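Here are my notes on the model you sent. They go from the whole chain to one strand and one helix.

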Amino acid sequence: MSVAPGPGSTAGHAGIVARGLRRHFGAIAAVDGIDLDVPPGSVVGLLGPNGAGKTTAMRILATLLVPQAGTATVAGVDVVADPLGVRRRLGYLTGDTGLYGRLTPREILRYIGRLHGMSGQALAARIEHLSHAMGLDAFVDRRAETLSTGQKQRVSIARAVLHDPPVLILDEPTSGLDILAASEVLRFFRDEADRGKAVILSTHILAEVELICDRAAIIHHGRIRAEGSLEELREASGADTLARGFFTLLGEAPAGGAPT
């Protein structure tokens, strides 16, 4: 599922580096001193139950929230000092990313591309490549309001990566996709990392982490409980799979028994 390079560059960037990130909402510590590294050329998975702090941490990295303490850089750019510089270098996919219902996917991508300074044949070629890669060809000229949930998700992914940024932050990117589409999308992200991009992936599906991630971080109550390569995490848990060892690493017993 390879895609021709767009206007972005993956050469010489620093991926994601976060140190001591904190963000409280009242008395709740949503992010409580997180350190995180996502080097270029790697996929790092973020795992944890709902409310663990994954989305808050990703929103800080995407400059949608300001940290109350700590520092973070994306592609070498500070998220507080230069949020616009971060956004130019970032592809961010979130579950509440909306599409313009009266526009077609092609029109949406053309509009977003122009916002990123893309134009002419280069933009048209990038849209064509992503249309093939994301399986949009059958509906790329239909209005977005007529598309299924899975089709909209594929358009949203294409929108996030359109400008070929060196860093990708992906919050549950396979949500709404069937098993074949999810497999193709995950392979695309693995290929993007192999091109030199830094990719951070939040998911509740442990098999996705084991399929494409180089490392994983398990977050609970705003803190990272375990972090390392998949082999290191399996060894630390004493289990033969990450899914079997997840609750051990999380520090809590599962309800109804461990996953198989």
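**Notes on the predicted model**

1. Charge. The chain carries 27 positive and 28 negative side chains. The centres of these two sets lie 7 Å apart. Please keep in mind that this is a predicted model.

2. Overall dimensions. For 260 residues, a compact globule would have a radius of gyration near 18 Å, and the chain agrees, with 18 Å. The C-alpha trace spans about 50 × 40 × 35 Å along its principal axes.

3. Secondary structure and contacts. There are 9 helices and 10 strands in the chain. Of the contacts with a separation of 6 or more, 68% are between residues 24 or more positions apart.

4. Burial and surface. Of the 260 residues, 49% are buried, where buried means under 20% relative accessible area. The accessible surface of the chain is about 11500 Å². Carbon and sulfur atoms account for 51% of that surface.

5. Strand β3. This strand covers residues 42–47, and 6 of its 6 residues are buried. In a regular strand, side chains alternate between the two faces of the sheet. In β3 both faces are covered: one side has S42, V44 and L46, the other has V43, G45 and L47, and all are buried.

6. Neighbours of β3. Which strands pair with β3? One is β8 (residues 198–202), which pairs with β3 in the parallel sense over 5 bridges. In that pairing, G45 stands opposite L201 of β8. Another is β9 (residues 215–220), also in the parallel sense, over 4 bridges. Here L46 of β3 stands opposite A217 of β9. G45 and L46 are thus useful places to begin when inspecting the two pairings in the viewer: G45 for β8, L46 for β9.

7. Helix α1. Is helix α1 mostly covered or mostly open? It is mostly covered: α1 runs over residues 54–61, and 6 of its 8 residues are buried. The buried ones are K54, T56, A57, M58, I60 and L61. An α-helix has 3.6 residues a turn, so residues three or four places apart point the same way. Note that K54 is listed among the buried residues of α1.

8. After the helix. Just after α1, T63 has a positive phi of about 70°.

Technical notes: Residues are numbered from 1 along each chain as its sequence is written. This is a predicted model: local features need pLDDT of at least 70, side-chain atom pairs count only at pLDDT 80 or more; totals for chains, interfaces and linings use all residues. Side-chain values use heavy atoms; hydrogens and water are left out. The radius of gyration is taken over C-alpha atoms; the globule rule is 2.2 Å times the number of residues to the power 0.38. Buried means under 20% relative accessible area, exposed over 50%, partly exposed in between (1.4 Å probe, protein chains only). Contact means heavy atoms within 4.5 Å. Accessible areas come from the Shrake-Rupley method with a 1.4 Å probe; for residues, only the protein chains shown count as cover. Lys and Arg count as positive and Asp and Glu as negative; His and the chain ends are not counted. The place of a charge is taken as NZ of Lys, CZ of Arg, CG of Asp or CD of Glu. Two strands pair if DSSP finds at least two bridges between them.
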